[in-house]
Amino acid sequence: MTSSNTPPSPLSLSAPAPLAGEVRVPGDKSISHRAIMLSALAVGRSEVRGLLEGEDVLATAAAMRAMGAQVERLGQGHWVVDGVGVGGLLQPDAQLDMGNSGTSTRLLMGLVSSHPITATFVGDASLSRRPMGRVIEPLSRIGAEITASPDGRLPLMLRGADTPLPIHYRLPVASAQVKSAILLAGLNIGAETVVEEPVPTRDHSERMLKGFGAELSVEPMADGGKRIAVRGWAELKPQTLEVPGDPSSAGFLLVAALIVPGSNITIHGVGLNPTRDGLVRVLQEMGADITKLNEREVGGEPVADLLVTHSALTGIEVPPEVAPSMIDEYPILFVAAALASGRTVMRGIEELRVKESDRIAAMAAGLRAAGVAVEELPDGLIVEGSGGEKVAGGCTVATHLDHRIAMSFAVLSLAAKTAITVDDRAPIATSFPDFLPLMQRLGAVQA
Ligand SMILES: O=C(O)C1=C[C@@H](OP(=O)(O)O)[C@@H](O)[C@H](O)C1
Ligand SMILES: C=C(OP(=O)(O)O)C(=O)O
């Protein structure tokens with residue numbers, strides 16, 4: 001993962017005809033990470049179906065194996081995990097390679113921090129630029145000793161506390177990763193650990209912890225936030241889990257169908273947890289024709305099939321409050337905005353600057369190169385849409401080891417006069433290895 005020296009493999013797509021057909025997106029990345037981690041902490045054998053087999057989740061699986069769990073693949077998306085029990089994690093013999101994955105790094109740092117073991121976390125060039133101070137700070141309060149690279153970056157060494165302390169922590173930044181790191185640490189602390197989040201973020205950890213039998217409460221706070229408390233020394237019971245389809249991956253197919261005239265597709269089994277469905281709501285507000293069919297529950301999460309038809313979109317001001325429920329979907333929303341009529345204003349999204357790349361800067365540069373007028377703001381982006389006209393394209397964009405930048409420009413290329421070349425398709429495998437075959441099934445071709 002981190003030592004890959006393969007030459008970049010460019011990608012450019014075009015749509016010779018409207019997109020059509022029915023597809024199923026792979027399992028949700030956030031839920032897949034948590035399914036492996038909690039199964040590895042349960043006492044006994046859990047079974048997971050629909051697991052995302054992207055590189056990020058495989059990094060989590062390898063790390064849990066290195067800390068004593070048996071994690072085995074039986075078939076496509078079908079895994080079994082024999083857990084070590086809370087408190088039973090073993091010291092890994094070698095450094096933990098987190099690849100490109102922020103979620104693996106921050107959540108596993110949380111787990112290690114309340115076990116009496118030491119682990120070294122390393123990652124690729126992108127992950128090594130990302131801030132870890134946001135977890136180092138609360139985990140140090142728990143008693144972990146963390147020696148990080150300058151500015152709180154990877155590589156870092158974490159020595160878990162012998163006697164971890166319960167904390168009551170109010171999140172300074174809306175982050176499900178920080179929240180989850182603390183809750184996972186709390187599992188091996190003999191008291192109640194409390195996290196307050198002023199703005200609700202994805203709640204997969206809370207849902208799944210309850211499902212595994214942890215004692216966890218969630219209470220609304222007067223300011224609109226949530227108070228989440230977990231009681232430690234929990235005995236997690238093994239589960240049989242099914243992972244719903246990833247709404248973040250579905251977003252690329254959805255926007256592709258919206259911007260290619262005449263398209264009509266169905267995406268089956270998309271997770272629509274209200275802490276994750278912001279993109280669908282915002283696109284509908286812009287005029288997108290998206291119908292939810294077969295609404296149901298899968299693995300304790302709301303799910304539906306989405307019927308998506310090409311639509312004339314109109315630019316809007318996207319309310320900043322929606323950001324946590326679609327934080328990873330802004331790059332593809334920028335693409336939808338590029339084809340809308342009028343301007344779309346997206347603010348309150350400075351967190352995008354510390355993802356796999358600075359996603360505001362990377363998208364602004366690529367959109368400009370493709371002939372789209374944009375204005376970059378410190379905390380957002382304003383996009384002047386083409387009113388449904390194809391954008392110029394004909395450029396090569398830099399993806400900066402960022403899967404979402406790569407997929408966003410691969411989709412914009414479908415609505416470009418001359419195809420857009422994404423400089424390297426390799427990062428796509430971190431979250432959506434089947435992106436290209438699914439796009440091809442819907443009718444896209446390599447230009
Ligand atoms: O908890 C998670 O699974 C995630 C939380 C988000 O990160 P932040 O917690 O940094 O907002 C998101 O961007 C990431 O892709 C996955
Ligand atoms: C930000 C992302 O993931 P992570 O933080 O896990 O690297 C993402 O998938 O867009």
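# Report on a predicted chain of 447 residues

Buried residues account for 54% of the 447 residues in the chain. The model described here is predicted.

## Overall form

Twelve helices and 26 strands are found in the chain. Its C-alpha atoms fill a box of roughly 60 × 50 × 45 Å along the principal axes. A compact globule of 447 residues would have a radius of gyration near 22 Å, and the chain, at 21 Å, therefore agrees with that expectation. Of the contacts between residues at least 6 apart in sequence, 77% join residues at least 24 apart.

## Annotated binding positions

An unreviewed UniProt entry carries the annotation "binding site" for K29, G102, R130, Q177, R359 and R404. The feature "binding site" is also placed by UniProt, again in an unreviewed entry, at K29, S30, R34, S175, Q177, D328 and K355. Four of the annotated residues are set out below, with the number of other C-beta atoms within 10 Å of each.

| Residue | C-beta neighbours within 10 Å | State |
|---|---|---|
| R130 | 19 | partly exposed |
| S175 | 22 | buried |
| D328 | 23 | buried |
| R404 | 29 | buried |

R130 lies in the loop that joins β7 (118-122) to α4 (133-142). Because 20 or more neighbours are required for a residue to count as buried, R130, with 19, is classed as partly exposed. Apart from residues up to four places away in sequence, R130 touches G102 and V354. G102 is itself among the positions that carry the UniProt annotation.

S175 belongs to the loop between β10 and α5. When neighbours within four places in sequence are left aside, S175 is in contact with R134 and T201.

D328 occupies the loop between β18 (317-318) and α9 (330-339). Its contacts, leaving aside neighbours within four places in sequence, are with S248 and R404.

R404 is part of helix α11 (residues 403-412). Beyond residues up to four places away in sequence, R404 touches D328, P331 and R359.

## The helices α4 and α11

Which residues of α4 are buried? They are V135, I136, P138, L139 and I142. An α-helix has 3.6 residues a turn, so residues three or four places apart point the same way. The cover over the buried residues of α4 includes α3 (102-113), β8 (145-149), β10 (168-170) and α5 (176-186). After α4 comes G143, which has a positive phi, near 120°.

Helix α11 is mostly covered, as ten of its ten residues are buried. These residues are H403, R404, I405, A406, M407, S408, F409, A410, V411 and L412.

## The surroundings of ligand 2

Around ligand 2 stand D56, S101, G102, T103, D328, K355, E356, R404 and S431. This shell contains no nonpolar residues, four polar residues and five charged residues. Domain 1 (13-27 + 244-446) and domain 2 (29-232) each supply at least three residues to the shell around ligand 2.

Several annotated positions recur in this shell. G102 and R404 are around ligand 2 and carry the UniProt annotation "binding site". D328 and K355 are likewise around ligand 2, and the feature "binding site" in the UniProt record covers them as well. Within the shell, D328 and R404 are also in contact with each other.

How values were computed. Residues are numbered from 1 along each chain as its sequence is written. Chains are lettered from A and ligands numbered from 1 in the order in which they are written. This is a predicted model: local features need pLDDT of at least 70, side-chain atom pairs count only at pLDDT 80 or more; totals for chains, interfaces and linings use all residues. UniProt positions are given in the numbering used here, feature names are shortened, and annotations may be inferred rather than shown by experiment. Helices (H or I, at least four residues) and strands (E, at least two) are DSSP runs, numbered from the N terminus. A residue is buried if 20 or more other C-beta atoms lie within 10 Å of its own, exposed if 12 or fewer, and partly exposed in between; C-beta atoms are placed from the backbone. Two residues are in contact if their C-beta atoms, placed from the backbone, lie within 7 Å. The radius of gyration is taken over C-alpha atoms; the globule rule is 2.2 Å times the number of residues to the power 0.38. A residue is near a molecule or strand if its C-beta atom, placed from the backbone, lies within 6 Å of it. Ala, Val, Leu, Ile, Met, Phe, Trp, Tyr, Cys and Pro count as nonpolar, Asp, Glu, Lys and Arg as charged, and the others, Gly among them, as polar. Domain bounds come from an automatic or database domain assignment.
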